[in-house]
Amino acid sequence: MTPLVIVGCGGHGRETLTIARAVVAAGGPRWQLAGFVDDRPSEENLKRVQRLDVPYLGGVAWLRDAPPETHHVIGIGDPRVRRSVAARVDAYGVPAASLVHPDATIGPDNRYGPGFVAFAGARVTMNVAIGRHVHLNQNATVGHDSSLADFVSVNPLAAVSGDCHCAEGVLIGTTAAVLQGLRVGRDSTVGAGACVVRDVPDRVVVKGVPAR
Ligand SMILES: CC(C)(COP(=O)(O)OP(=O)(O)OC[C@H]1O[C@@H](n2cnc3c(N)ncnc32)[C@H](O)[C@@H]1OP(=O)(O)O)[C@@H](O)C(=O)NCCC(=O)NCCS
């Protein structure tokens, strides 16, 4: 069994734990859930973690002296926060695990980097290039020939159509749609429920239908 540490005691981190458990229960990689690390967990989240029968190990720096073979997954929903945490953990030399829920569908000819997390119901069709620490939340879909660069988050029920490119650090909000062939620029956010009908520049927030 390979020890797995989840970074982040918040809701996204605890949901990530359930994915790891589902992977193991389905006969996938045999992760041993070593615990959570978090620099500033709230009292409430510590109690929630306790109810999951998985220990809270300490701050992120706990990973610096982690036992050999330990892997981590970053259970933080915000792409930009995830990126800064990843930089710290990379410096400790602890490899990232990828978790694909057994009820997610990753079709043929797709590629994904370390730290990829696919929640239940996520669907990726084919020829999609997915970078490091990309998170596809519940029932998010990604169409053919698209690319999701490092640290992209696609929130629940959002749809990235075919031939789209989401640059590094992009957040696609819950139930948003990105129409085919479009590019969403680096560190931009597409608001919940938005419909993106033209390219989105770098570092902006767009919302509404059509998204502006
Ligand atoms: C678009 C978004 C990034 C804006 O965040 P923000 O800058 O903090 O915006 P505020 O909450 O201050 O709202 C600013 C204005 O935008 C409106 N607004 C906020 N989100 C909106 C959305 N998704 N669509 C349309 N209008 C929205 C607000 O009503 C407010 O309007 P007003 O100025 O007329 O009162 C955010 O609301 C959002 O949709 N994030 C995605 C969240 C998500 O996917 N959550 C799921 C987690 S699993």
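**Exercise 1. Polar contacts and salt bridges between the domains**

Determine how many residue pairs are in polar contact between domain 1 and domain 2 of this predicted model.

Solution.
Step 1. Establish the two parts: domain 1 covers 2–96, and domain 2 covers 98–207.
Step 2. Retain the pairs in which both residues have pLDDT 80 or more; between domain 1 and domain 2 the count is then 13 residue pairs in polar contact.
Step 3. Turn to the charged groups. The rule finds 3 salt bridges across the interface of domain 1 and domain 2.
Step 4. Examine a pair in detail. Arg83 and Asp187 form a salt bridge, with 3.0 Å between their closest N and O atoms. This distance lies within the 4 Å allowed for a salt bridge.

**Exercise 2. The extent of the interface**

Describe how domain 1 and domain 2 are placed and what area is buried between them.

Solution.
Step 1. Begin with the centres: the C-alpha centres of the two domains are 22 Å apart.
Step 2. Consider the residues involved. Domain 1 contributes 22 residues, which are in contact with 26 residues of domain 2.
Step 3. Consider the area. About 1,800 Å² is buried between domain 1 and domain 2, and carbon and sulfur atoms give 61% of this area.

**Exercise 3. The surroundings of the ligand**

Identify the residues that surround the ligand, and state which polar atoms lie beside its oxygen atoms.

Solution.
Step 1. List the shell: the ligand is surrounded by Asn155, Pro156, Gly173, Thr174, Thr189, Gly191, Ala192, Val205 and Lys207.
Step 2. Sort these residues by character. The shell comprises 3 nonpolar, 5 polar and 1 charged residues.
Step 3. Inspect the side chains. In Asn155, an N or O atom of the side chain is 2.8 Å from an oxygen atom of the ligand. For Lys207, the distance from a polar side-chain atom to a ligand oxygen is 2.6 Å.
Step 4. Inspect the backbone. A polar backbone atom of Thr174 is 2.8 Å from an oxygen atom of the ligand.
Step 5. Finish with the surface: the ligand taken alone exposes 900 Å², and the protein buries 35% of that.

Methods:
Residues are numbered from 1 along each chain as its sequence is written. This is a predicted model: local features need pLDDT of at least 70, side-chain atom pairs count only at pLDDT 80 or more; totals for chains, interfaces and linings use all residues. Side-chain values use heavy atoms; hydrogens and water are left out. A residue is near a molecule or strand if one of its heavy atoms lies within 4 Å of it. A polar contact is a pair of N or O atoms within 3.5 Å; within protein, one must be able to donate a hydrogen and the other to accept it, and residues adjacent in sequence count only if both atoms are side-chain atoms. Accessible areas come from the Shrake-Rupley method with a 1.4 Å probe; for residues, only the protein chains shown count as cover. Ala, Val, Leu, Ile, Met, Phe, Trp, Tyr, Cys and Pro count as nonpolar, Asp, Glu, Lys and Arg as charged, and the others, Gly among them, as polar. Domain bounds come from an automatic or database domain assignment. Contact means heavy atoms within 4.5 Å. Buried area is the accessible area (1.4 Å probe) that two parts lose on being put together, summed over both. A salt bridge is a side-chain nitrogen of Lys or Arg within 4 Å of a carboxyl oxygen of Asp or Glu.
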